[in-house]
Amino acid sequence: MSASGAVLWLVNGIIVLYLLAPIVVVVATAFTTTAYPVFPPRGFTLKWFAKFMATEEFRSGMRLSFVLALASTAVAVALGTLTALALARYRVRALAALSAFVLSPILFPGIVLGLALLIYFHQTGLAGSFWSLAAAHAVLTTPFVIRMVMASLGELDPSLEEAARNLGAGWWGTFFLVTLPLIRPGVLAGAIFAFIISFDELVITLFIAGPKLTTLPIRIFTYVEYASDPTISAISTTLIAVWIAVGVPVYTRFLGVRHR
Amino acid sequence: MWLGLFLVGPLCLMLAISFRGYQAGVGILPTWEVGHYARFLGDPFYRGILWNTLALGLQVTVWSLVLGYPLAYALSGLRGVRRSLLYFAILLPLLTSAVVRTFGWMILLSNNGFINQSLQALGLTDAPVRMMYHMSGVVIALVEVLLPFMVLAIDAALLNVDPALGEAARNLGAGSIRTFLAVTLPLSVPGVLSGSVLVFTLAISAFVTPSLIGGPKIKVMPTLVYEQGVSLLNWPFGAAIAFVMLFVILALFTATFRVTNRGAA
Amino acid sequence: MADLEIRNVSKTYGSVVAVDTLSLSVESGEMVALLGPSGCGKTTTLRMVAGFVEPTAGTILMRGRDIIGLPPNRRDMGMVFQSYALFPHMTVRRNVEFGLRWRGLARAEMARRVASTLDLVGLAGLDDRYPRQLSGGQQQRVAVARVLALEPKLLLFDEPLSNLDAKLRLQMRHEIRRLQKDVGITALFVTHDQEEALTIADKVAVLNRGRVEQYGTAAEVYDEPRTRFVAEFIGTANLFAGRLEGGGLRPFVSAGGLRLPVEVAGWTGGGDALLMIRPEKVILDTPGGDDGLRGEVTRITRLGGTTEYAVDLPGGERMLAHEQNGPQARLRSAGETVAIGWRAADARLVAAERH
């Protein structure tokens, strides 16, 4: 390897370390025996995990986040799939503009959207309800579902649907027996994405979730603001592990489809 | 459809409210005024926050560019398993939420944290370097959080560069550094631009990292919006600030759009 | 009553006219080929019959019944697509079975039909394979089986053989024809390959720019082309512009001043016309007597079993002649003078184009 090549690798190695540093730290400190997170950790214990499991606030937060993510994902998948189908089916001339519009929530600053929704919900009396929170999450995550489904749709041979119709299938028959099975990878990837995003969502949720709806990210955030003990590390480590376990298979199935 | 309902609707409403009067302790008044915008842009305290935020965005963007480019360059040159591995390593931070990563940085950056201890052990400093509750800490953490976006954007652009161009340059006698500067770098500019815009936008809208690492003393626009909108319930003012932020972002996007399109024509 | 009748059907996309007042009728049990270059409207016409495209004007009747308003899944037609459109996530059996579901048949009946159709196309035993595990030819057969299982009133083929290699194409061509004849189903076959159309179909409709230029049997279309386009699209043709003058053995005077023999009987087209003679009908001889046509061989091309001669004629015109490389054939050389002639009955008049 040339000298400049070696330097490049060294530099990149450091950068990657920098990139992964906080994750490593968090995971490591989850096992420390000290009363506050210390890196490098001292000792090895699982008591923080136990504490995490034992604390009702965290458990309820987790339950709520889970159910919320489930609800918003369901909405996002349904709406997103239908939108993707509509976008792909009808050659609207403003397609580029329309898809840009539809996909814009990804780039939108959470702060702005959060405040806007807070005001909006208060004016329309929807504030603090589970479903308005779920709807807000759905707005955020639907664009991802649309992206993924459209990617799957792009690989679908249009004559397949025509063949199904020709053979006698009606709209629903064609959709359920032919289209849906073939776009399942896209829908699934979109669903998992949407779930993860909704579960981890913090900023907008901070704005609009009422006092009764404390999701896990909110719990973590408030906890970290006022105290910090390795319980947070334990929670974080658990989340990281789960997301990797779920994310990797999705990722390997969708190499390179994620980006434009 | 529903997007209009949930996105455009609330935004318009917020725009309207930003022009309403407000009196502390009373609530939103049924009057119209541009006072909030004036207050924000006129009052030096708030202007300072604006510059603070933009400066943060700029610093973060520059650093992520400096660190992100080499990584993207290496990534674009890889194939197969090695590429997948590196790609995954870059993607991994995105899979973990911002709160988790910021928490990790809090541990690292504290006065007794790993970084300070290492620096002191190596004899590079005598006293702990203040990073927590300091803008420098925010920059360090935020760069890490947003770096993957920059890397991926540049990587995408680099992949679009025809390798034959680089080979032609080498064939004509240019050394590898020359080739890079004259051929690869200029052609990767679109990716650099889109990555920078993305990172800048995300940096000035970042809430979690500045509030956790910066603490109550470090004020940027997102934390201000939260404070005004949620804690103080001064919706009109919060709305005004939010729209200033949106305006900056939109201006940036339009400018970039114009530049890239002019180049393409 | 014709099985399928297309009446004055048109299709326009904005300012583009894809199909222009097209009329065609297909008798029961016939296989009709829609032949033409790309963009001539043949696929659009087929898709209008299938119901995937709505005509801008005109009507389509199946056994006397107007089907324009019917959605594609209720027209009782089977379409074989260019890409076969086999459902990749279903086995061969489920593919063939697909259409039967909507007919409300009993399980046993469905299974029986699937089995007998697969047998018919020669794919018995491959029920449980997936399309990706099959060869191109096998996939084609599944596509055909899938529509045959439904016993539809009409079969529609959209250039189904384009994706196969040459040998397989020839083989499948005959297979499809055999199946269609055995089962006796009326069929519409779209292709751009004129050899295919002439071999496989009872009647050929030659399409150009959205219109039917000629509709007849393979022999009619080949030997008696009615327009210049048909003459040139099907096979090769020598065309002379000129007019009919006088009578006798050589009533046609070409633009180059040559007097040529041609069959005049039945011609209603007027004085200006094109004379068409196929290269294989041209007779080359060594110059003997004095009253014949003479030309100079300028180019010789070996075309496998035949040799093509390009011959320059006095007056500036030139023509092509094909000679079989049989045991009696003598290879001519470039620059050689030859006598050219043909039987009047082999030459035909074709309408001159209006400009």
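## Chain A against chain C

Two residues count as in contact here if their C-beta atoms, placed from the backbone, lie within 7 Å. On that footing, in this predicted model, the contact between chains A and C draws on 14 residues from chain A and 17 residues from chain C.

Looking at chain A's half of that contact, the elements giving two or more residues are helix 7 (158-166) and helix 8 (171-200) of chain A. Helix 7 of chain A has the largest share, with six residues. Sorted by class, the side of chain A that touches chain C comes out as seven nonpolar, four polar and three charged residues.

## Chain A against chain B

Now for the other partner. Here 53 residues of chain A are in contact with 57 residues of chain B. On chain A's side, at least two residues each come from helix 1 (3-29), helix 5 (110-123), helix 6 (130-154), helix 9 (203-208), helix 10 (216-226) and helix 11 (230-253) of chain A.

Which helix of chain A gives the most to the side that touches chain B? That's helix 1 of chain A, with 15 residues. As for chemistry, the side of chain A that touches chain B has 42 nonpolar residues, alongside nine polar and two charged ones.

## How confident is chain B?

Chain B has a mean pLDDT of 77, and 82% of its residues reach 70 or more.

Two stretches are worth flagging when you look at the structure. Over residues 1-6 of chain B, pLDDT stays under 50, and the model gives that stretch six contacts beyond four places in sequence. Residues 19-26 of chain B also stay under 50, and for these the model has 17 contacts beyond four places in sequence.

## A helix pair inside chain B

Helix 4 (residues 80-95) and helix 7 (residues 135-159) of chain B have axes that come within 8 Å and cross at roughly 140°. Angles over 145 degrees would count as roughly antiparallel, so helix 4 of chain B and helix 7 of chain B are oblique to each other. The crossing of helix 4 of chain B past helix 7 of chain B is left-handed.

What do the two helices bring to the meeting point? From helix 4 of chain B come I90(B), L91(B), P93(B) and L94(B), and they meet P148(B), V151(B) and L152(B) in helix 7 of chain B. By class, that makes seven nonpolar residues in the contact of helix 4 with helix 7 of chain B, with no polar and no charged ones.

Conventions:
Residues are numbered from 1 along each chain as its sequence is written. Chains are lettered from A and ligands numbered from 1 in the order in which they are written. This is a predicted model: local features need pLDDT of at least 70, side-chain atom pairs count only at pLDDT 80 or more; totals for chains, interfaces and linings use all residues. Helices (H or I, at least four residues) and strands (E, at least two) are DSSP runs, numbered from the N terminus. Ala, Val, Leu, Ile, Met, Phe, Trp, Tyr, Cys and Pro count as nonpolar, Asp, Glu, Lys and Arg as charged, and the others, Gly among them, as polar. pLDDT is the predictor's confidence in each residue, from 0 to 100. Axes are lines fitted to C-alpha atoms, for helices over the stretch in contact, and angles run from 0 to 180 degrees between N-to-C directions. Angles under 35 degrees count as roughly parallel, over 145 as roughly antiparallel, 65 to 115 as roughly perpendicular and the rest as oblique. A crossing is left-handed if the near helix is turned anticlockwise from the far one by less than a right angle, and right-handed if clockwise.
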